[in-house]
Amino acid sequence: MTKLKQYSLLNEKTRYQLLATVIVNIITFGHGVGVGWLSPTLSKIQTPDTPLDFQVDIAEISWLGSMLGLGSLFGNLTIAFLLERMGRKFCIYLLAGPYAVSRVCQTRALHSNNMLFQCLWILIYCASNVYYLYVARFLCGFTGGAGYLVVPIYISEVADSSIRGSLTSMVMLSVNLGVLVGYILSTYLAYHIVPFLAIILPIAYFTANLFLPETAPYLLRRSQLNAAETSFRYYQNQKRGMEQVSKANFDELRLAIDAQQAQSHAALTYRDLITKTALKAFAASIVLSTGYQFSGIFSFINYMSTIFEASGSILDVNICTIIIGVVQIVGVYTSTILVDIIGRRILMLISTLGVALGCIVFGCFTYSAQFYDLSYLNWVPLVLMIIIIYLGNIGLIGLFFVVLVELFPAKIRSLATSMSVVFLSVLVFGTLKLFPLLLHYFGISVTMWFSAASSLLTFVYFLLFLPETKGKSMIED
């Protein structure tokens with residue numbers, strides 16, 4: 001009973017850590033809505049009945065998808081520059097920006113000083129050509145790239161080690177919730193109604209973040225002892241003073257950071273990035289990012305409706321897409337429950353091997369369907385995709401940022417995580433650009449087999465080299 005209480009997210013001691021996690025993940029939820037919005041919308045804007053004044057072709061679709069990765073790259077670089085200079089709280093707050101929207105002119109011009117996400121949905125609403133949609137997807141990627149960097153670091157610095165994995169994995173849980181909502185809204189609501197609903201999210205995010213203090217580790221690095229103690233007490237839910245155990249934990253944190261400061265009196269240099277520990281962590285992060293993207297899971301999410309059309313399924317593609325959205329949530333929730341109990345490594349191994357086998361079978365089914373009448377098995381693509389997405393989300397997706405943040409030594413964590421997410425953003429751009437072209441020119445079977453091969457190679461690397469980071473201290477190397 002004591003052990004279960006320790007891992008409970010509703011423990012009185014950690015309830016403000018949970019509250020803070022929910023608040024900062026409003027922006028990742030909103031990012032998910034922007035990602036999920038695309039898939040059902042693509043099928044609408046390619047038809048003569050498009051709600052827009054124009055249609056898009058296959059080349060424009062590939063650019064529309066890949067703009068997410070390009071925006072993510074710029075968002076990550078921006079936050080990477082500010083993260084240590086201005087702090088976690090400032091960067092989290094910056095994701096919201098000024099929430100006052102000037103106005104939308106009848107000429108469809110936009111004024112500056114708008115919130116990023118508000119600009120995103122205004123551009124979607126006002127789109128008079130495909131370039132409006134390009135910019136909207138770029139802004140969606142910008143917010144995601146920035147959020148994927150600062151939010152996991154922020155959560156890892158405020159959370160107790162016993163629940164850190166569960167709280168950090170909520171980043172992808174909230175993204176997947178947003179993706180599901182995006183699927184549903186864009187399937188059942190008129191194109192121009194969705195932006196009016198989605199624009200509520202950045203306003204709520206902006207308001208709620210007013211009440212969160214900066215993280216104690218960052219404040220200690222800035223020699224703001226009183227503010228750090230106040231922050232530590234807040235996230236430990238001890239308003240009237242710290243208990244002896246918490247006081248000891250705070251002193252341990254302070255001494256560890258003081259030791260780091262003493263050892264790294266000089267500025268961070270390139271030598272810190274080429275130590276044996278750092279290079280191992282970079283190698284693992286490269287494989288993690290490459291496996292994440294080339295497994296195809298993220299591309300599947302963005303082009304899910306198109307995949308079901310290509311698979312020959314006669315079931316309603318948008319309903320299938322919504323079902324997959326639910327499966328994503330179940331998968332990430334599973335990882336949230338298990339990550340601090342059985343660890344990161346075993347979930348990653350199950351995930352990568354499961355995705356590989358699922359994609360192989362999916363490719364074989366669609367290949368066989370070219371030569372045999374398999375219409376009586378029209379449910380198989382949905383079942384296989386449910387298995388692939390579920391297994392992908394219990395590890396490769398759900399724990400990506402948990403593992404990424406925990407791989408690196410404390411001294412280089414912010415910079416190294418940023419560098420890794422920059423690399424990930426480049427991969428996102430490339431895979432989202434190539435995926436619809438692969439489907440169009442090589443077919444669904446070859447595309448699935450390529451994803452399977454990537455997942456299988458990732459599994460082999462993880463089996464041999466991925467360290468277990470469960471319970472790892474975030475203040476010690």
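1. At what angle do the axes of helix H3 (residues 26–45) and helix H10 (residues 200–208) cross, and within what distance do they come? In this predicted model, the two axes approach to within 9 Å and cross at roughly 170°. Since angles over 145 degrees count as roughly antiparallel, H3 and H10 are therefore roughly antiparallel to each other.

2. On the H3 side of this pairing, the contact is made by Ile26, Ile27, Phe29, Gly30 and Val33, and on the H10 side by Leu201, Ala204, Tyr205 and Ala208. Sorted by class, the contact of H3 with H10 holds 8 nonpolar residues and 1 polar residue, with no charged residues.

3. A second antiparallel pairing joins helix H4 (58–86) and helix H21 (413–465). Their axes come within 8 Å and cross at roughly 180°, and H4 and H21 are therefore roughly antiparallel to each other. The contact of H4 with H21 has 17 nonpolar, 10 polar and 2 charged residues by class.

4. Helix H17 (residues 317–342) and helix H19 (residues 380–394) pack at an angle of about 30°, and their axes lie 7 Å apart. Because angles under 35 degrees count as roughly parallel, this angle makes H17 roughly parallel to H19. The crossing in which H17 passes H19 is right-handed.

5. From H17, the residues that meet H19 are Cys320, Ile323, Ile324, Val327, Gln328, Val330, Gly331, Val332, Thr334 and Ser335, while H19 contributes Leu382, Met385, Ile386, Ile389, Tyr390, Asn393 and Ile394. By class, the contact of H17 with H19 comprises 12 nonpolar and 5 polar residues, and no charged residues.

6. Turning to internal space, the count comes to 2 cavities of 30 Å³ or more, and the largest cavity holds about 120 Å³ of space. Among the 16 residues lining the largest cavity, the closest to its centre are His31, Ser72, Tyr148, Phe298 and Val428.

7. Which helices each supply at least two residues of the lining of the largest cavity? They are helix H4 (58–86), helix H7 (130–158), helix H14 (276–294) and helix H21 (413–465), so that H4 and H21, described above as roughly antiparallel to each other, both appear in this list. By class, the lining of the largest cavity has 8 nonpolar and 8 polar residues, and no charged residues.

How values were computed: Residues are numbered from 1 along each chain as its sequence is written. This is a predicted model: local features need pLDDT of at least 70, side-chain atom pairs count only at pLDDT 80 or more; totals for chains, interfaces and linings use all residues. Side-chain values use heavy atoms; hydrogens and water are left out. Axes are lines fitted to C-alpha atoms, for helices over the stretch in contact, and angles run from 0 to 180 degrees between N-to-C directions. Helices (H or I, at least four residues) and strands (E, at least two) are DSSP runs, numbered from the N terminus. Angles under 35 degrees count as roughly parallel, over 145 as roughly antiparallel, 65 to 115 as roughly perpendicular and the rest as oblique. A crossing is left-handed if the near helix is turned anticlockwise from the far one by less than a right angle, and right-handed if clockwise. Contact means heavy atoms within 4.5 Å. Ala, Val, Leu, Ile, Met, Phe, Trp, Tyr, Cys and Pro count as nonpolar, Asp, Glu, Lys and Arg as charged, and the others, Gly among them, as polar. On a 1 Å grid over the protein atoms alone, a cavity is a set of points where a 1.4 Å probe fits but cannot get out, and a pocket is an open set with protein on both sides within 12 Å along at least five of seven lines; lining residues have an atom within 4 Å of a point. Grid points are joined across faces, edges and corners, and a volume is the space filled by probe spheres set on the points.
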